[in-house]
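Visitor: Please take a single part of this model and look at it closely. After that, follow its connections outward as far as they can be traced, and then say what can be found elsewhere in the chain.

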Amino acid sequence: MGNDIERAGKLILASEYVVGLTGAGISVESGIRPFRGPGGLWTEHGEPPMDGYQRFQADPKKHWEEIIKRSGVTSDFVQALESARPHPAHYALAELEELGLLKYLITQNIDNLHLAAGSKKVAEIHGNVQKLRCVACNARYERDEISLETLPPRCPRCDGIIKSDTVMFGEPIPLDVLRTCQQETRKADCMLAVGTSAFVYPAAAFPQEVKSKGGALIEFDLYETALTPLCDVSIRGKAGETLPQLVDYIKAIR
Ligand SMILES: [Zn+2]
């Protein structure tokens with residue numbers, strides 16, 4: 001394991017453009033339940049309707065009324081999100097960016113924890129639970145910037161309908177974020193996959209792309225994942241322990 005950290009550290013220092021990809025596994029260590037797998041919200045309660053976005057489009061006012069009521073599963077989940085704090089893996093990734101070694105971070109998580117930890121270059125591919133987004137012009141707003149007096153709320157810039165920034169089932173990934181992820185992946189010659197089985201497209205394609213053009217792939221996960229066979233180094237353990245070890249090692253030899 002110490003040996004794996006050293007190999008990972010050397011690969012990162014030898015790379016030109018390192019991009020991170022994080023998934024639910026990193027959030028679990030902050031007390032946020034995953035959707036899928038053992039203990040997952042969807043495993044317990046069933047998956048949300050696959051046509052969520054179509055329902056929203058059909059009746060955005062009703063959708064907003066339901067959000068405001070915040071009942072059942074949504075309530076537990078939102079409370080967990082709002083009380084969650086970044087942990088050492090989030091801070092380690094922010095420090096790698098600060099050191100100039102991590103150029104960009106793509107996250108599948110909606111929990112805002114990378115930004116809370118100080119990461120600046122972050123693409124939130126499934127949105128951010130603390131933000132709202134105009135479906136017409138993609139402008140993002142903080143929740144308190146938008147009045148909910150009239151439902152559905154409207155975009156102050158273009159009068160489009162506002163929804164949560166989080167991407168619903170059936171909703172396309174916002175094009176601006178998708179383009180950023182694709183551009184960053186194209187530039188990457190090394191990708192760090194943290195707590196992601198890279199199961200959900202489009203994120204699943206990014207490590208494969210880096211690998212297919214000869215880049216390095218380093219995985220941080222408790223368990224073997226679908227990515228493991230592609231990885232140059234697989235570091236097993238809690239990301240909250242292994243990523244800080246990696247940063248310490250890099251700072252020591254740099
Ligand atoms: Zn707008």
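Guide: A residue is called buried here if its relative accessible area is under 20%, computed with a 1.4 Å probe on the protein chains only. The model is predicted, and the part chosen for the close look is strand β7, which covers residues 190–194.

By that cut-off, 5 of the 5 residues of β7 are buried, and the strand is mostly covered. Its side chains point in two opposite directions: Cys-190, Leu-192 and Val-194 go one way, whereas Met-191 and Ala-193 go the other. Residues of both sets are buried.

The pairing partners of β7 can be taken in turn. Strand β1, residues 18–22, runs parallel to β7 and is joined to it by 5 bridges. In one of these positions, Thr-22 has Val-194 of β7 as its bridge partner. Strand β8, residues 216–221, also runs parallel to β7, again with 5 bridges between the two. Here Met-191 has its bridge partner in β8, namely Leu-217. Val-194 and Met-191 thus turn up twice in this account, once among the residues listed by direction and once in a bridge, Val-194 with Thr-22 and Met-191 with Leu-217.

From β1 the pairing can be followed further. β1 is joined to strand β2 by 5 bridges, and these two run parallel. Val-19 stands opposite Tyr-104 in that pairing, with Tyr-104 in β2. Strand β2 spans residues 102–107, and 5 of its 6 residues are buried, so the rest of the structure largely encloses it. β2 pairs in turn with strand β3, residues 122–124, in the parallel sense over 3 bridges. In this pairing Thr-107 stands opposite Glu-124, which belongs to β3.

Two helices can be placed with respect to these strands. Helix α9 takes in residues 175–187, and Glu-184 is located there. Glu-184 has a relative accessibility of 6% and therefore counts as buried. Once neighbours within four places in sequence are set aside, Glu-184 is in contact with Tyr-17, Val-19 and Tyr-104. Val-19 and Tyr-104 are the two residues that stand opposite each other in the pairing with β2.

The second helix is α7, residues 88–98, whose buried residues are Ala-89, His-90, Ala-92, Leu-93, Ala-94, Leu-96 and Glu-97. The cover over these residues includes the strands β1, β2 and β7, together with α2 (24–28), α8 (113–117) and α11 (239–253). Strand β7 is therefore one of the elements that cover α7. Gly-100 follows α7, with a positive phi near 85 degrees.

Elsewhere in the chain there is a zinc site. The zinc ion has the protein donors Cys-134, Cys-137, Cys-155 and Cys-158, each through SG, and they lie 2.3 to 2.4 Å from the ion. Along the chain these donors follow the spacing C-x2-C-x17-C-x2-C. Cys-134 is in strand β4 (residues 131–134), and Cys-155 is in the loop between β5 (140–142) and β6 (162–164), so this pair ties together parts 21 residues apart in sequence. The angles subtended by the 4 donor atoms around the ion are 97 to 115 degrees, which makes the arrangement tetrahedral. Cys-134 has 0% relative accessibility and so counts as buried. Cys-155 counts as buried as well, because its relative accessibility is 3%.

The strands named around the zinc site form an open sheet of 3 strands, in the order β5-β4-β6, with antiparallel pairing. β5 and β6 are at the edges and have a single partner strand each, so each leaves one side without a neighbour in the sheet. From one strand to the next, the twist averages 35 degrees. The pairing of β4 with β6 is antiparallel and has 3 bridges. Within it, Arg-133 has Lys-163 of β6 as its bridge partner.

One aromatic pair remains to be described. With ring centres required to lie within 6.5 Å, the count is 1 aromatic pair. The rings of Tyr-53 and Phe-56 have centres 5.9 Å apart and planes at 25 degrees, so they count as stacked. Both residues belong to helix α4 (residues 52–58) and are 3 residues apart, about one turn of the helix. Tyr-53 and Phe-56 are both buried.

How values were computed: Residues numbered from 1 in each chain as written. Predicted model: local features only at pLDDT ≥ 70, side-chain atom pairs only at ≥ 80, totals over all residues. Heavy atoms only, no water. Phe/Tyr/Trp six-rings, centres within 6.5 Å; stacked < 30°, edge-to-face > 60°. Helix = DSSP H or I, 4+ residues; strand = E, 2+ residues; numbered from the N terminus. Buried < 20%, exposed > 50% of the residue type's maximum accessible area, 1.4 Å probe, protein only. Donors = N, O, S within 2.8 Å, 3.2 Å for Na, K, Ca; no water. Tetrahedral: all angles 85-135°; square planar, octahedral: opposite > 155°, others 65-115°. Pairing = 2+ DSSP bridges. Axes fitted to C-alpha atoms, helices over the stretch in contact; angles between N-to-C directions. Contact = heavy atoms within 4.5 Å.
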